[in-house]
Amino acid sequence: MSINLPPAIAALLEEQVSLRVRGFVEQFVRKLHDLEPSVPVASIQHAAQYALSASQTTAANAVAPLPAPAPGPDPVVQPILEATGGRELQLVFRHDCMALGCLDPQCMLCQHNPTRRCMLNFDRKYLVNDVLKAKCGANIRIEIIDRATGEPFEGHAPGLRLEVCVLDGTQYDQKFLEAAKAPADGPEADGELDACVLLMNKKKSTPLLVGGPGPVNDAVGRVVVALAGGRAVLPELHVTDSSEAILLGRKPPFRLLARAV
């Protein structure tokens, strides 16, 4: 039996179901690997993705949207395109370093200064429940910049928000860095990134990434942060479990992912 729905409702329903199913698949793959470590995670993921694709095809045939209206500007995308002027934008992590030294390793004035300026936004290591701040103690923020010029975008992008979550750093490196492949745009790239996402702690009782006052975790565990003037300060984010407790290997790394949605 086929059910005809308005396109907007059909799209919303499909998005919500897809989020729930992806969360289920991720937890299912991890749990199955825990029960049977001899089966490679990649094989389990491949089987799960195959089953998911088949079920999505069946669902798409069962829930058919009504015929689309005449082409016109998208009421969600159009205001964003107008606000950005069609520029290609990018998210970056930044902070205002609180150290008084400089970055020159040969500087005589800073030679004995224990608080050199940060070369990276994040510290090299955090303990469980440490607030994710720069090494100098400054808050880290996410900014929208013009990819061509590097200049901050301070306009208003209506309806845009940030989703922040933790990635399996080893898996991400294998998929993108070691393969010399940059994450692209589109559903395929989103799927590859989602395969690296870690949402819950080892006991599956708490989201792996949580924040202080203000942010909230969505239904699957991602932290949702509002943008203001093209930027957002990471609101006392901290990780609730160690990478050694969740991932295999010696000192496996976490990475932090921020996406505009």
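This is a short guided tour of a predicted model, with selections to make in the viewer.

**The open sheet**

Begin with strand 3 (89-94), strand 4 (residues 141-146) and strand 10 (231-233). Together they form an open sheet of 3 strands, in the order 3-4-10, with antiparallel pairing. Strand 3 and strand 10 are the edge strands, since each pairs on one side only. From one strand to the next, the twist averages 25°. Strands of a sheet pair through backbone hydrogen bonds, either parallel or antiparallel.

Next, display strand 4 and strand 10 alone. Their antiparallel pairing extends over 3 bridges. Which residue of strand 10 is the bridge partner of Ile142? Select Ala232 to see that partner.

**The loop after strand 4**

Now select Gly150, which is found in the loop between strand 4 and strand 5 (161-168). Gly150 is partly exposed, with a relative accessible area of 26%. Add Arg94 and Ile145: Gly150 is in contact with both, leaving aside its neighbours within four places in sequence. Then select Leu89, which lies 61 residues from Gly150 along the chain; the C-alpha atoms of the two are separated by 9.1 Å.

**The cysteines**

Finally, select Cys136 and Cys118. Why do Cys136 and Cys118 not form a bond? The closest cysteine sulfur to that of Cys136 is in Cys118, at 3.8 Å, which is too far for a bond because a disulfide requires sulfur atoms within 2.5 Å. By this rule, the model has 0 disulfides. Is Cys136 buried or exposed? Cys136 is partly exposed, at 23% relative accessible area, whereas Cys165 counts as buried, at 3% relative accessibility.

Key: Residues are numbered from 1 along each chain as its sequence is written. This is a predicted model: local features need pLDDT of at least 70, side-chain atom pairs count only at pLDDT 80 or more; totals for chains, interfaces and linings use all residues. Side-chain values use heavy atoms; hydrogens and water are left out. Buried means under 20% relative accessible area, exposed over 50%, partly exposed in between (1.4 Å probe, protein chains only). Two strands pair if DSSP finds at least two bridges between them. Helices (H or I, at least four residues) and strands (E, at least two) are DSSP runs, numbered from the N terminus. Axes are lines fitted to C-alpha atoms, for helices over the stretch in contact, and angles run from 0 to 180 degrees between N-to-C directions. Contact means heavy atoms within 4.5 Å.
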